[in-house]
Amino acid sequence: LRFSVMAFRLKFYIQFALIVSVILSSLHYYLKVKDYRFSPRFIRSMGEKYAGRSPSVYVKSIMTDLSASTAGPIIPAESWGVLDILKGRTAVHRQKKLSDEKSTVWLSVNFGGIQGRIHFFHLSWSEYLALVGVPMKSIGSSSLHWMNQSCTVLSGSLQRHRTEESFEHEHFEPGKHVRFGVFENYIVEISEDTWLLCYGRGLTMASFLYCFLGWISQADFFSPILMLSIALYSLLIDIANYSLQFYHRFF
């Protein structure tokens, strides 16, 4: 009887491992072949364009360039996501505040020990585009992510080195691009008043899980709610955009 129970458990574990393996392999293949909204080359060129300029122009200028591109709708700078409905914030209300930099929505985040703030232009389960600001000198870990990320240094500087290699480090000044590959972990040092334009492709929601853990550990319960609200709003924008494209194509 004991042998039968052990054989049943072993069979269950093998089946479970095979199912998980198939799901992960299928997901990896889908992320590799799917179409993405933004072109990495376009994002890098935009980062180079605004490198060295005053941080006060970043959000509005990047929003203008994104709106003029063919990437599709983006998250309004003043949007709280679906929470706008509860706050009674309309598109007209946001348009009146478009020139007000203070109305831009920012999230305080802890990136592996690096304290900063982030503003999302786009956020979905497989792709994100954001402006990241670090007000004070910080050192931390880039952590492991199922996602390829590329950040352009707009101001300040960034240094990094691989945790499993020597202590030789790379230094990035404004206009330079920093790439973090899938499951690559670095020790990162960011100088004060550093701004980065970051773009990522992959399993974004899983990669941002550690942000939620950081918020909860700091008793910040509003930021994860706001992030989920913005992500849901971005998803609704995508659904509406794809539905409109489908309608124009077949009707």
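A residue is called exposed when its relative accessible area is over 50%. Keep that cut-off in mind as we look around this predicted model.

**A patch on helix α1**

Helix α1 covers residues 2-33, and F16 is found in this helix. With a relative accessible area of 52%, F16 is exposed, because the cut-off for that word is over 50%. F16 also helps to make a nonpolar surface patch of about 510 Å², together with F12, Y13, V20 and L24. A general point about helices is useful here: an α-helix has 3.6 residues a turn, so residues three or four places apart point the same way.

**The buried residues of helix α3**

What does helix α3 (residues 58-68) keep buried? Its buried residues are Y58, V59, S61, I62, M63, D65 and L66. These buried residues pack against one helix and several strands, which are set out here.

| Element packed against α3 | Residues |
|---|---|
| α2 | 40-50 |
| β2 | 114-123 |
| β3 | 127-134 |
| β5 | 147-155 |
| β10 | 194-202 |

**A four-stranded sheet**

Elsewhere in the model, four strands form an open sheet, with antiparallel pairing and the order β4-β9-β6-β7. Which strands stand at the edges? They are β4 (138-141) and β7 (170-172); each has a single partner strand, so one side of each is left without a neighbour in the sheet. On average, neighbouring strands of this sheet are turned by 20° against each other, direction ignored.

Now take a look at one pairing within the sheet. Strand β6 (residues 158-162) runs antiparallel to β7, and three bridges join the two. Here Q159 stands opposite H171, a residue in β7.

Methods
Residues are numbered from 1 along each chain as its sequence is written. This is a predicted model: local features need pLDDT of at least 70, side-chain atom pairs count only at pLDDT 80 or more; totals for chains, interfaces and linings use all residues. Side-chain values use heavy atoms; hydrogens and water are left out. Patches are made of residues with over 30% relative accessible area and no salt bridge: like charges are joined within 9 Å, nonpolar side chains (Val, Leu, Ile, Met, Phe, Trp, Tyr) within 5 Å. Accessible areas come from the Shrake-Rupley method with a 1.4 Å probe; for residues, only the protein chains shown count as cover. A salt bridge is a side-chain nitrogen of Lys or Arg within 4 Å of a carboxyl oxygen of Asp or Glu. Buried means under 20% relative accessible area, exposed over 50%, partly exposed in between (1.4 Å probe, protein chains only). Two strands pair if DSSP finds at least two bridges between them. Axes are lines fitted to C-alpha atoms, for helices over the stretch in contact, and angles run from 0 to 180 degrees between N-to-C directions. Contact means heavy atoms within 4.5 Å.
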